[in-house]
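Biologist: Could you take me through one part of this model closely, the biggest pocket, and then show me how the side chains pair up elsewhere in the chain? I would enjoy a connected account rather than a list.

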Amino acid sequence: MANQMLLLTTLLAVTCALVIAFEPSPLQDFCVADTTSSATRVNGLPCLDSKLAQAEHFFFSGLHIPGNTSNPVGGKVTPVNVVQIPGLNTLGISLARIDYAKWGVIPPHTHPRATEILTVLEGSLYVGFVTSNPDNKLISKVLYKGDVFVFPVGLVHFQQNVGNGNAISLSSLSSQNPGVNTIANAVFGANPSIPDDVLAKSFQVDKSVISSLQAKF
């Protein structure tokens, strides 16, 4: 009996932990983000009084405009998340248009709060993600117009234009605020800097290499 009670208690604890780990469904029609509020933010932004909601809170214009890819990586992300559409607050979804110059890339990065599903609108892309330690398996594929690929939440992933011209993709993400950590920026552009001896030992290179990389970020 004691063992059965212990098992039941453990199962209940695990179940509660799993329930708490996921964002609950909204308990109201919507929660337009009130960016001027000083209220405590818990899993989203404070809600504007619903009586003040207007169509503009649920609207964004400009996703048809190409992003400027004149930058070192040749890629440009145009986000459509809770910052651009306050009405997305608590709804767990967002979009991004991504433009790629020829051979342009979206460098390896993660979204700590979202799974991403990418659709190629124009051109062809080489995409991939890397599984967690210890396997670190690269799962990759070349995509063409109309193809769809999924990047699981939290995993390092990337995109590269491998076509003969510009490319465009559209991504949906399972959070109104997915976040992004670009690996190179986080490692070599941290503020304050990660000590060069830590990075030199981690990457098994000379400190001068680390200094050169940090100077780029």
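Modeller: Happy to: here is the pocket, followed by the aromatic pairs, the salt bridges and the fold around them. Please keep in mind that this is a predicted model.

Let's begin with the pocket you asked about. The largest pocket has a volume of about 630 Å³. Its lining is made up of 27 residues, and those closest to the centre are Val77, Ile106, Pro107, Val180 and Thr182. Which elements supply at least two residues of that lining? They are strand S1 (75-80), strand S2 (94-100), strand S3 (105-110) and helix H2 (183-188). As for chemical character, the lining divides into 14 nonpolar, 10 polar and 3 charged residues.

One of the salt bridges makes a good next stop. Asp99 pairs with Arg97, and their closest N and O atoms are 2.8 Å apart. Are these two buried or exposed? Both Asp99 and Arg97 are buried. In general, side chains of opposite charge can pair when their charged atoms come close.

The structure holds 2 salt bridges, and the other setting is worth a look too. Glu122 and Lys145 meet through their side chains at 3.4 Å, N to O. This pair links distant parts of the chain, with Glu122 in strand S4 (residues 116-122) and Lys145 in the loop between strand S6 (138-143) and S7, 23 residues apart. Glu122 has a relative accessible area of 36% and is therefore partly exposed, while Lys145, at 56%, is exposed.

Now for the rings. A search of the whole structure turns up 6 aromatic pairs. Among them is the pair of Phe30 and Phe58, whose ring centres are 5.3 Å apart and whose planes meet at 80°, so the pair is edge-to-face. Phe30 and Phe58 each lie in the loop between helix H1 (2-21) and S1, so their pairing ties together parts that are 28 residues apart in sequence. How accessible is each ring's residue? Phe30 has 28% relative accessibility, so this residue counts as partly exposed. Phe58 also counts as partly exposed, because its relative accessibility is 39%.

A second aromatic pair joins Phe129 and Phe149: the ring centres are 6.1 Å apart and the planes stand at 50°, so this pair is tilted. Phe129 belongs to strand S5 (residues 125-130) and Phe149 to strand S7 (residues 148-151), so the contact ties together parts 20 residues apart in sequence. Phe129 and Phe149 are both buried. Together with Phe151, Phe129 and Phe149 form one aromatic cluster.

Finally, let me place these details in the whole chain. The protein chain has 4 helices and 10 strands. Along the sequence, these elements follow the pattern α-β-β-β-β-β-β-β-β-β-β-α-α-α. Of the chain's 217 residues, 30% count as buried. How far apart in sequence are the residues that touch? Among contacts between residues at least 6 apart in sequence, 67% join residues at least 24 apart.

To return to your pocket with the structure in view, you could start from Val77, Ile106, Pro107, Val180 and Thr182, the lining residues closest to its centre, and then follow S1, S2, S3 and H2, which each supply at least two residues of the lining.

Notes. Residues are numbered from 1 along each chain as its sequence is written. This is a predicted model: local features need pLDDT of at least 70, side-chain atom pairs count only at pLDDT 80 or more; totals for chains, interfaces and linings use all residues. Side-chain values use heavy atoms; hydrogens and water are left out. On a 1 Å grid over the protein atoms alone, a cavity is a set of points where a 1.4 Å probe fits but cannot get out, and a pocket is an open set with protein on both sides within 12 Å along at least five of seven lines; lining residues have an atom within 4 Å of a point. Grid points are joined across faces, edges and corners, and a volume is the space filled by probe spheres set on the points. Ala, Val, Leu, Ile, Met, Phe, Trp, Tyr, Cys and Pro count as nonpolar, Asp, Glu, Lys and Arg as charged, and the others, Gly among them, as polar. Rings of Phe, Tyr and Trp (its six-membered ring) pair if their centres lie within 6.5 Å; planes under 30 degrees apart count as stacked, over 60 as edge-to-face and the rest as tilted. Buried means under 20% relative accessible area, exposed over 50%, partly exposed in between (1.4 Å probe, protein chains only). A salt bridge is a side-chain nitrogen of Lys or Arg within 4 Å of a carboxyl oxygen of Asp or Glu. Contact means heavy atoms within 4.5 Å.
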